[in-house]
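Reader: I am new to this structure and would like a close look at one part of it. Could you take me through the pocket and then through what surrounds it?

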Amino acid sequence: IQGEDPVIRLRSDSNFTRTMVRALRTPYSFDFPFDSLSTISKLVAPDSSFRIFTWQLVKDESYCRQKGFIQIKTTDGSLRLFPLRDVSEFTERANDTIANHGGWIGAIYYRMIMKTHQSKKYYTLLGYDEHNQRTTRKWIDILSFDEHNEPVFGLYKGFSFAEDSIPKKSLNRFLLEYKKDGRARIQFD
């Protein structure tokens, strides 16, 4: 990931992805800690029903793409995996979208909070995105699973600003974008 040549970084990412998928195909791989992988984010859901791996690929100052997988825990140890495809570059209003794993708004997740509402589990994901040469982004996204146990990113009107001093339209995910040399912090208290 730190190679000077973008071609080497792209090739290394491709090799890593294939190797990771092979490792996850091993029966009962959900229990592997992958603790030697220090350059990717690995979050396990508080209820241990799934885990999410995220990382980024930087080609140059203008191209930074997030990548990832969601691995579902299965009773028989078989692999149930959802590759995350970052489409943020092609999404006009990312904070208004609701998407599956193929239309993911990429981020490197550093925190997951689980809440239950009307017997359905929702996972709040805090993440960052190096975005481009001018700005960095912090995201608060909501992950849930549909009736087929497939991931859904975004929650319809999940973030309401109706009671703010200047009310705004509700959003499906929260975005904080700031200058590259600035700092912003999003935490859960």
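Author: The largest pocket of this predicted model has a lining of 16 residues, and those nearest its centre are I1, T39, I40, W55 and Q56. The space inside this pocket comes to about 240 Å³. Two elements, α1 (6–24) and β2, each give two or more residues to the lining.

Two of the residues nearest the pocket centre, W55 and Q56, lead on to Q66, since both appear among the contacts of Q66 once its neighbours within four places in sequence are left aside. The other contacts of Q66 counted in this way are D86, W104, G106, A107, I108, D129 and E130. Q66 belongs to strand β3, and with a relative accessible area of 1% it counts as buried, because the limit for that word is under 20%. Its C-alpha atom lies 8.1 Å from that of R85, although the two residues are 19 apart along the chain.

W55 also leads to the aromatic residues, for ring pairs join W55 with F16 and F69 into a cluster. The count of aromatic pairs in the model is 10. For F32 and F34, the ring centres are 6.1 Å apart and the planes stand at 65°, so this pair is edge-to-face. F32 is partly exposed, at 34% relative accessibility, whereas F34 is buried, with a relative accessible area of 13%. Rings also meet charges here: the charged end of R51 sits over the ring of F30, at 5.1 Å from its centre, and K168 lies over the face of F161, 4.9 Å from the ring centre.

The strands β2 and β3 bring us to the nonpolar interior, as each supplies at least two residues of the largest core, and so do β4 (81–85), β5 (108–117), β6 (120–129) and β7 (135–145). That core has 20 residues, and the ones with the most contacts inside it are F50, I70, Y109, M112, L143 and F153. The strand that gives the most to it is β7, with 3 residues. In soluble globular proteins, nonpolar side chains tend to be buried together.

L143 shows how such a residue is surrounded: not counting residues up to four places away in sequence, L143 touches F50, I70, K121, Y122, Y123, L125, P151, V152 and F153. A second core, separate from this one, has 9 residues, among them I113, L126, I140 and F161; F161 is also the residue whose ring face lies under K168.

Note on methods:
Residues numbered from 1 in each chain as written. Predicted model: local features only at pLDDT ≥ 70, side-chain atom pairs only at ≥ 80, totals over all residues. Heavy atoms only, no water. Phe/Tyr/Trp six-rings, centres within 6.5 Å; stacked < 30°, edge-to-face > 60°. Buried < 20%, exposed > 50% of the residue type's maximum accessible area, 1.4 Å probe, protein only. Lys NZ or Arg CZ within 6 Å of the ring centre and 35° of its normal. Core = buried A, V, L, I, M, F, W, Y, C linked by side-chain atoms within 4.5 Å. Helix = DSSP H or I, 4+ residues; strand = E, 2+ residues; numbered from the N terminus. Contact = heavy atoms within 4.5 Å. 1 Å grid on protein atoms, 1.4 Å probe; cavity = no way out; pocket = protein on both sides within 12 Å on 5 of 7 lines; lining within 4 Å. Points joined across faces, edges and corners; volume = space filled by probe spheres on them.
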